[in-house]
Amino acid sequence: MTKPEKELSEKVQAVGPSATMAITNRARELRAKGESVISFGAGEPDFPTPPHIVEAAAKACSDISTHKYSPAAGLPELRAAVAEKTKRDSGLEVAPEQVVITCGGKHAVYNSFQLLVNPGDEVIIVAPYWTTYPEAVILAGGVPKIVYRKPENDFLVTVEELEAIRSEKTVALVFVSPCNPTGVVYPKEAMVAIGQWAAKHGIWVITDEIYEHIIYEGSEHHSLPVVAPEVFERCIVVNGVAKTYAMTGWRIGWLISSPEVAKAASIIQSHQTSNISNVSQVAALAAVSGPLDAAVEMREAFARRRLKMHEMLNQIEGVSAAKPQGAFYCFASFEERLKSPVGGKMLSGSAELSEVVIDEAKVALVPGEAFGASGYCRLSFALGDDDLVEGITRLGNFLND
Ligand SMILES: Cc1ncc(COP(=O)(O)O)c(C=O)c1O
């Protein structure tokens, strides 16, 4: 008799668990045992959702219309508000019918591949990448083709590198700026070149703009279909309320594309999810149609912590990190430090390093392997200032021992 897990589909067996969630869970377990763990694993703002958004949701709970099924593509008023917000924030003009509300940006990413990928089709992903992209491609039957980027090139991909990996089977490119985990923000000219390259070869671009408002001085966010309009014919914009409004748990994102793609996406969703939670959609409506004040306040806190973390990390021998231009992560190289023993042992990469560091120093780091970059770890600065200093101090003391 074969074991039941052998009977699971090949697709499922090909994907791994989310490493970012795994490290957060490990930190939670240790805390439950009474350990004082400092976690740099968070992929979410450490702020509450602004009160006006929570109040709108509370009110919606007693409105009977939220108790019933609603359209699979999203509440019409939210689709209209997202279209309006997109014009306000990135200058992209779309009709409400081109917006489909999803269960978070993650669902929009997942459905993008379901919409575009046939078995064996290739999707180009630039490493270090957000851990979900390759797995979502595999779940759609596609093949992720990874372009490995280096810090000496500012982690930016060039058209030459994309061209080198393009094949007859390439159907799509995943583009993200600001980038998780590197914090890189693409300059406009680089985006124009990438957009033109994709349009020339009929390649779809899934452009992930979830960190659009979390950007620091000296950098500017651009939306790919705005700076390279030729790309829009084959483009899906992914976005959501999670990071901008501290709403990760509400699970509201969206995708924007042509009316045909949006229609197809809503058909998929009608079988997959029916509608997205109505109460969460009302909360998202209050978010996107309201002010950005809370987002600005959060960004100020992130900006301060970013400088502190960047400075402290670079003071640890064998550790180096570029200053992030967007999002809330430092992506630090431990490659030099891994050339000598850590805690008396030679380690094979950052996966082992993060295990030793959480067990010995009680500090949670997300290993670079989760993002296709061994030797690196991602450290989120979405945590309190004191914890940040304490955590990096512990890490430094442990590594210097
Ligand atoms: C680059 C990127 N895209 C999309 C998402 C998905 O966000 P959510 O599903 O919470 O809206 C995340 C979350 O970590 C992310 O980092």
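# Exercises on a predicted two-domain model

Both faces of strand β2 (residues 99–102) are covered, since Val99 and Ile101 on one side and Val100 and Thr102 on the other are all buried; here a residue is buried if 20 or more other C-beta atoms lie within 10 Å of its own, exposed if 12 or fewer, and partly exposed in between, with C-beta atoms placed from the backbone. Helices (H or I, at least four residues) and strands (E, at least two) are DSSP runs, numbered from the N terminus. The model is predicted, and local features need pLDDT of at least 70, side-chain atom pairs count only at pLDDT 80 or more, and totals for chains, interfaces and linings use all residues. Residues are numbered from 1 along each chain as its sequence is written.

## Exercise 1: strands β2 and β3

Work out which strand pairs with β2, and then describe the pairing and burial of β3.

Step 1. Two strands pair if DSSP finds at least two bridges between them, and β2 pairs with strand β8 (residues 253–256) in the antiparallel sense over 4 bridges. Within this pairing, isoleucine 101 has tryptophan 254 of β8 as its bridge partner.

Step 2. Strand β3 (residues 122–127) is mostly covered, with 6 of its 6 residues buried. On one side these are Glu122, Ile124 and Val126, and on the other Val123, Ile125 and Ala127. In a regular strand the side chains alternate between the two faces of the sheet.

Step 3. β3 runs parallel to strand β4 (residues 143–148), to which 6 bridges join it, and alanine 127 has tyrosine 148 of β4 as its bridge partner.

## Exercise 2: backbone geometry

Locate the cis peptide bonds before proline 128 and proline 178, and then the positive phi values of arginine 251 and lysine 362.

Step 1. Most residues other than glycine have a negative phi, and most peptide bonds are trans.

Step 2. Alanine 127 is joined to proline 128 by a cis peptide bond with omega about 0 degrees, and proline 128 sits in the loop between β3 and α6 (132–139). The bond from serine 177 to proline 178 is also cis, with omega near -10 degrees, and proline 178 belongs to the loop between β5 (170–176) and α8 (188–200).

Step 3. Arginine 251, in the loop between β7 (235–240) and β8, has a phi near 60 degrees, and it counts as buried because it has 20 C-beta neighbours inside 10 Å.

Step 4. Lysine 362, in the loop between α13 (350–360) and β11 (363–364), likewise has a phi near 60 degrees, but this lysine is partly exposed, with 18 other C-beta atoms within 10 Å.

## Exercise 3: the two domains

Describe how domain 1 and domain 2 are divided and which elements of domain 1 touch domain 2.

Step 1. An automatic or database domain assignment supplies the bounds, giving domain 1 (4–48 + 294–400) and domain 2 (68–289). Their centres, taken over C-alpha atoms, are separated by 25 Å.

Step 2. The contact takes 34 residues from domain 1 and 31 residues from domain 2, where two residues are in contact if their C-beta atoms, placed from the backbone, lie within 7 Å.

Step 3. On the side of domain 1 that touches domain 2, at least two residues each come from α1 (10–14), α2 (19–32), α12 (293–314), β10 and β13 (376–380), and α12 gives the most, with 7 residues.

## Exercise 4: an open sheet

Determine the strand order of the open sheet formed by 4 strands, and find its edges.

Step 1. The order is β9-β10-β13-β12, and the pairing is antiparallel. The edge strands, each pairing on one side only, are β9 (320–321) and β12 (366–367).

Step 2. Between β9 and strand β10 (residues 329–333) there are 2 bridges in the antiparallel sense, and alanine 321 has alanine 332 of β10 as its bridge partner.

## Exercise 5: the ligand shell

Identify which residues come nearest to the ligand, and which helix gives the most to the shell around it.

Step 1. A residue counts as near a molecule if its C-beta atom, placed from the backbone, lies within 6 Å of it. Of the 13 residues around the ligand, Gly104, Gly105, Lys106, Asn180 and Ala242 come nearest.

Step 2. Helix α5 (residues 104–116) gives the most to this shell, with 3 residues.
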